[in-house]
Amino acid sequence: MPPQRSPLFPAIVLAGISLTAPGCGNDTQIVADDTGKASDAKSDVSAADTTLGDTGSADTGVVDSTSSDVTDTLDAADGCPPDSEIPTPPCSFIR
Amino acid sequence: MKLPDDPTIAALDEETRRAIAAHWLHRASAELGVAVAFEALRPRLVGVGAAPPVLALADKAMVDERRHGALCVQLAARYLDTDVATPAPRDGALPDFGTGAEELEVALLVLGTCCINESIASEWIRSCFRIATAPTALAANRAHLQDEIDHARLGWAHLASPAISDALRRRLRPWVPRLLDVNVAQWMKPDPHLPREGIAAHGHLSVEENEAAIDAAVRDVVMPGLKLVGLA
Ligand SMILES: [Fe+2]
Ligand SMILES: [Fe+2]
């Protein structure tokens, strides 16, 4: 069985970042286009059924073209406690 | 919310109806707890200079989560075919990561609550919606999904905004994999109220479907999002 894929990246991530950083990513035009699609994706979801299928999942172009220019100079273990001490933020569905 | 007529509920056996009602009552308490959490987060977002669209989404989230709590109570009542009392909110206190730096604390709260948990919640509800056939389950999951998408957007909007400086982003990065691990582990726990095989018609995933939905959310939404905002 192929792995389940989520089509929600444009509706959630691209639409979210477009609210505060429309130029985020190297290609503003692509982000803007995908943001348009993102609103569609949300209305598709709300409109109904299973047709949401694979729409909108193929946005890896945006992601791939957008590597961070932040240099990660920190060691992963630096300044951050072990997992057992990390508290879990609230979520409506966590058991 | 006006729920559609649903003859499929009366056709369920008593045990299944009780199980589904227990799930919704538990969810009601959790949703009300998240409303409390968003209320506590809102002034802290203001304090760190969050952008107006982020604050607007926080305002919406508080109202949404209260409405979700009420909807979950309504669903429990429908499956039990009797009135039920609204449960107390689950503890909605925001965790303290112990960094001593308010900007980092708020960024971690937003990362965990919105970017990770609300993004996973959105894909998880989409999966519930896809397997459901009962009119009540379709209506309830559709209503939840519309809002959870906005709660997830809040997180990505904040982390992409000028309120997150490059220096703060660097301090945030080492936390990301662990915050993700800790939250995903919570999501992977089977729902204690429901059978392992789920109750598909009523929108309840099997243990395997639950895991697949979470995997898809992390791989296709959260990880690419973290890359886009310079956190992975
Ligand atoms: Fe909710
Ligand atoms: Fe939510």
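The following dialogue reads selected features of a predicted model.

Colleague: What conventions apply here?

Modeller: This is a predicted model, in which local features need pLDDT of at least 70, side-chain atom pairs count only at pLDDT 80 or more, and totals for chains, interfaces and linings use all residues. Residues are numbered from 1 along each chain as its sequence is written, chains are lettered from A and ligands numbered from 1 in the order in which they are written, and side-chain values use heavy atoms, with hydrogens and water left out.

Colleague: Which residues coordinate the iron ion (ligand 1)?

Modeller: Donors are N, O and S atoms within 2.8 Å of the metal (3.2 Å for Na, K and Ca); water is not among the atoms, so sites may look incomplete. For the iron ion (ligand 1), the donors come from Glu31(B) (OE), Glu65(B) (OE), His68(B) (ND1) and Glu148(B) (OE), at 2.1 to 2.2 Å. Along the chain their spacing is E-x33-E-x2-H-x79-E.

Colleague: What are the angles among the four donor atoms of the iron ion (ligand 1)?

Modeller: Ideal angles at a metal are 109.5 degrees for four tetrahedral donors, and 90 or 180 degrees for six octahedral ones. Four donors count as tetrahedral if all angles lie between 85 and 135 degrees; four count as square planar and six as octahedral if opposite donors are over 155 degrees apart and all others between 65 and 115; anything else is irregular. Here the angles run from 82 to 139 degrees, and the site of the iron ion (ligand 1) is irregular.

Colleague: Which donors does the iron ion (ligand 2) have?

Modeller: The iron ion (ligand 2) is held by Glu65(B) (OE), two entries for Glu118(B) (OE), Glu148(B) (OE) and His151(B) (ND1), at 1.9 to 2.4 Å. The spacing of these donors along the chain is E-x52-E-x29-E-x2-H. Glu65(B) bridges this iron ion and the iron ion (ligand 1), and the two ions lie 3.5 Å apart. Distant parts of the chain are linked by the pair Glu65(B), in helix α3 (residues 52-80), and Glu118(B), in helix α4 (residues 102-131), both of chain B and 53 residues apart. Helices (H or I, at least four residues) and strands (E, at least two) are DSSP runs, numbered from the N terminus.

Colleague: How are Glu65(B) and His68(B) placed in helix α3 of chain B?

Modeller: An α-helix has 3.6 residues a turn, so residues three or four places apart point the same way. Glu65(B) and His68(B) are three residues apart in helix α3 of chain B, about one turn of the helix. Buried means under 20% relative accessible area, exposed over 50%, partly exposed in between (1.4 Å probe, protein chains only). Glu65(B) is buried at 0%, and His68(B) is buried at 2%.

Colleague: How many residues of α5(B) are buried?

Modeller: The count is 21 of 25, so α5(B) is largely enclosed by the rest of the structure. The expected span of a helix is 1.5 Å times one less than its number of residues. For α5(B) this gives 36 Å, in agreement with end C-alpha atoms 37 Å apart. Asn141(B) is in this helix, residues 135-159, and is buried with a relative accessible area of 2%. Contact means heavy atoms within 4.5 Å. Leaving aside neighbours within four places in sequence, Asn141(B) is in contact with Ile125(B), Cys128(B), Phe129(B) and Gly203(B).

Colleague: How many aromatic pairs does the structure hold?

Modeller: Rings of Phe, Tyr and Trp (its six-membered ring) pair if their centres lie within 6.5 Å; planes under 30 degrees apart count as stacked, over 60 as edge-to-face and the rest as tilted. There are two such pairs over all chains. One of them joins Phe97(B) and Trp175(B), edge-to-face, with 5.7 Å centre to centre and 85 degrees between the planes. Phe97(B) lies in the loop between α3 and α4 and Trp175(B) in the loop between α6 (166-172) and α7 (176-188) of chain B, so the pair ties together parts 78 residues apart in sequence.

Colleague: How many disulfides does a search of the whole structure find?

Modeller: A disulfide is a pair of cysteine sulfur atoms within 2.5 Å. The search finds zero over all chains. The sulfur of Cys115(B) is 6.6 Å from the closest cysteine sulfur, in Cys114(B), which is too far for a bond. For Cys128(B), the nearest cysteine sulfur is that of Cys72(B), 12 Å away.
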